[in-house]
Amino acid sequence: MEGYDTRQFEKDMIQLGIELSALQLDQFIRYYEMLVKWNEVMNLTAVTEYNQVLKKHFVDSASLVRAYNPKESENMIDIGTGAGFPGLVLKIVFPKMRITLLDSLNKRIQFLNAVTEELNLQGISVLHGRAEDFARKEQMRENFDLCVSRAVANLSTLSEYCIPFVKPGGKFVSYKSEKVLEEVAAAQNALKMLGGKIVKQVSFYLPDSDIYRNLVVIEKIKETPKKFPRKAGLPGKEPL
């Protein structure tokens, strides 16, 4: 922790209603150090400056609480987690949640496994593969209370990746940076087909910043038909 000023970070988190313990702060610093170190040999993030990582990755990931209040016992999956945003951040903030991180790039998986081990995180699974394939597995399909994704894709495509993992009554929260009215309108047909319904949309600026964020909360109101998601690649090429 020496040499790192965490005051702004702690203040930002408190603005979200999150008070970090000394252990959690230490975990975030070690996570940051590993991110920068590994980023030298593989492309994990374009953002590496200390204050920027804390704001644009850590605080941003934790901002889920603006739209959704996770319960300790919940089972959550993060689709296209990349370097662990938001899933790994949420695991540090809510250590009792059971969290699955899914990504299709093996080198990111190696990084996530290394961080999980270094921070001694329990109740976390890191999976290598595509959402289209894993969503067909019986132990994964409609098994999660919450699915989150900060992945870059339009809402129709993301919904096809994510909604099949959510159990009826559960939620899918999509992190968006831009104003999403057009995307939301274009996704209505996909949501109807997949068994989802938008129940909340929250827009805000990250604490002490001009960084605009949008969280779209989709409730799973009925089971997703077996034919979804379609085979790998199709949801991105031909959104519903």
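I began with Asn51 and found that this residue sits in helix α3, which covers residues 50-62; I keep in mind that the model is predicted. Its relative accessibility comes to 46%, so I have entered Asn51 as partly exposed. I then checked its distance to Asp5, which lies 46 residues away along the chain, and noted 9.2 Å between the two C-alpha atoms.

Next I looked for disulfides, counting a pair of cysteine sulfur atoms only when they lie within 2.5 Å, and the count by this rule was zero. Cys147 is in no disulfide, and its nearest cysteine sulfur belongs to Cys162, at 3.7 Å. Cys162 likewise takes part in no disulfide, the sulfur of Cys147 being the nearest to it at 3.7 Å. I also looked up the accessibility of both: Cys147 has 0% and therefore counts as buried, and Cys162 is buried as well, with a relative accessible area of 0%.

I turned then to the nonpolar cores. The largest has 53 residues, and the members that touch the most others are Phe9, Met13, Phe28, Tyr31, Phe58 and Phe111. Helix α2, residues 22-39, contributes the most to this core, with seven residues. For Phe9 I listed the contacts, leaving aside residues up to four places away in sequence, and recorded Leu20, Leu25, Phe28, Leu54, Phe58 and Val59.

Last, I noted a second core, separate from the largest one, with 27 residues, among them Ile77, Phe144, Cys147 and Ala190. Cys147 thus appears twice in my notes, as a member of this second core and as a cysteine in no disulfide.

Technical notes: Residues are numbered from 1 along each chain as its sequence is written. This is a predicted model: local features need pLDDT of at least 70, side-chain atom pairs count only at pLDDT 80 or more; totals for chains, interfaces and linings use all residues. Side-chain values use heavy atoms; hydrogens and water are left out. Helices (H or I, at least four residues) and strands (E, at least two) are DSSP runs, numbered from the N terminus. Buried means under 20% relative accessible area, exposed over 50%, partly exposed in between (1.4 Å probe, protein chains only). A nonpolar core is a set of buried Ala, Val, Leu, Ile, Met, Phe, Trp, Tyr and Cys residues joined through side-chain atoms within 4.5 Å. Contact means heavy atoms within 4.5 Å.
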